[in-house]
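Me: I would like to learn how aromatic contacts and pockets are read from a model. Could you take me through them step by step?

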Amino acid sequence: MIAELAELGIRATPLIWTDAKASLDPFAAVVVQSTWDSHLDPQAFVTWARRVHAQTALFNPLHLLEWNLNKRYLLELEQQGIPITPTLWVSAGSSVDLRNEVTARGWTRFVIKPVVSAGATETHVFGLAEMETAQVTVDRLVARLDLMIQPYLLAFETEGERSYIFFDGVFSHAVRRPPTLKSAPRGFDQSHEMPPIEAELQLSRQVLAKIGETPVYARVDLATNNDGVVRLQEVELVEPCLFTSLAPGAQQRYARAIARRLPNAPK
């Protein structure tokens with residue numbers, strides 16, 4: 001990406017967000033990218049982002065970063081008509097009878113994870129036979145964290161997820177991401193570019209339209225639910241892998257999207 005920006009006459013320098021000595025004075029903008037530890041201390045990350053916002057342009061914008069850090073944004077999107085995987089939201093400090101909640105919903109396998117998370121940190125998959133261990137896990141986590149509990153999607157084992165990547169609101173490329181389970185079919189062990197599926201592309205565009213403004217970059221993750229319906233899994237606006245190396249021209253498209261947001265930058 002540094003080379004692609006240089007071709008547009010823009011000098012870019014990588015910074016580490018936790019480096020307190022890094023000065024922002026020389027920079028016209030900061031683009032958040034690959035801060036994959038932000039979920040480990042979200043308050044520190046938000047504090048840093050607010051400091052950057054106060055000093056220079058920040059992309060994606062501060063309010064989008066704050067909104068996207070907490071996966072309760074999925075509830076907001078669902079209320080606006082976007083289909084998401086059925087979710088039980090559990091607030092920190094509350095109690096939940098996991099067996100009753102799960103059986104009432106007809107889930108035989110389910111996923112427990114914090115609403116602020118990344119990289120499968122504290123993400124757990126259980127079946128009904130493991131309910132006692134699952135309850136212990138929920139009790140441990142909910143003592144300090146807001147949680148989300150969802151049915152385990154069987155399609156992960158065969159289809160994986162589909163990611164639709166946009167730069168400045170324009171679709172760039174789509175990627176099929178593999179399942180991480182050992183039961184995954186052979187030959188599907190790494191992410192690869194795929195032709196967009198028109199209905200999924202349209203759903204991705206609907207998701208972005210609900211956000212209300214155009215992010216510099218966005219990744220919309222979709223998967224097939226157990227009812228056979230394609231549903232939104234996540235919108236990534238903070239620190240996603242954008243798979244630009246898998247799609248010819250993607251890095252140039254990304255660089256141009258950044259350039260268009262910079263004051264007095266070559267277009």
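Reply: Let us start with a group of rings, bearing in mind that this is a predicted model: Trp-17, Phe-45 and Trp-48 together make up one aromatic cluster.

Me: How many aromatic pairs does a search of the whole structure find, and how is such a pair described?

Reply: In general, two aromatic rings are described by how far apart their centres lie and by the angle between their planes. Here the search of the whole structure gives 10 aromatic pairs. In one of them, Trp-67 and Tyr-73, the ring centres are 4.9 Å apart and the planes stand at 40 degrees, so the pair is tilted; Tyr-73 counts as buried, with 1% relative accessibility. Phe-110 and Phe-126 also form a tilted pair, with 6.2 Å from centre to centre and 40 degrees between the planes. Because Phe-110 belongs to strand S4 and Phe-126 to strand S5, this pair ties together parts that are 16 residues apart in sequence.

Me: Are Phe-110 and Phe-126 buried or exposed?

Reply: Phe-110 has 0% relative accessibility and counts as buried, and Phe-126, at 9%, counts as buried too, because the cut-off for that class is under 20%.

Me: Which residues line the second largest pocket closest to its centre?

Reply: Empty space is revealed by rolling a probe the size of a water molecule over the atoms. The second largest pocket has a volume of about 960 Å³, and of its 37 lining residues the closest to the centre are Ala-12, Thr-13, Pro-14, Val-30 and Val-31. The lining divides into 28 nonpolar, 6 polar and 3 charged residues.

Notes. Residues numbered from 1 in each chain as written. Predicted model: local features only at pLDDT ≥ 70, side-chain atom pairs only at ≥ 80, totals over all residues. Heavy atoms only, no water. 1 Å grid on protein atoms, 1.4 Å probe; cavity = no way out; pocket = protein on both sides within 12 Å on 5 of 7 lines; lining within 4 Å. Points joined across faces, edges and corners; volume = space filled by probe spheres on them. Nonpolar A, V, L, I, M, F, W, Y, C, P; charged D, E, K, R; others polar. Phe/Tyr/Trp six-rings, centres within 6.5 Å; stacked < 30°, edge-to-face > 60°. Buried < 20%, exposed > 50% of the residue type's maximum accessible area, 1.4 Å probe, protein only. Helix = DSSP H or I, 4+ residues; strand = E, 2+ residues; numbered from the N terminus.
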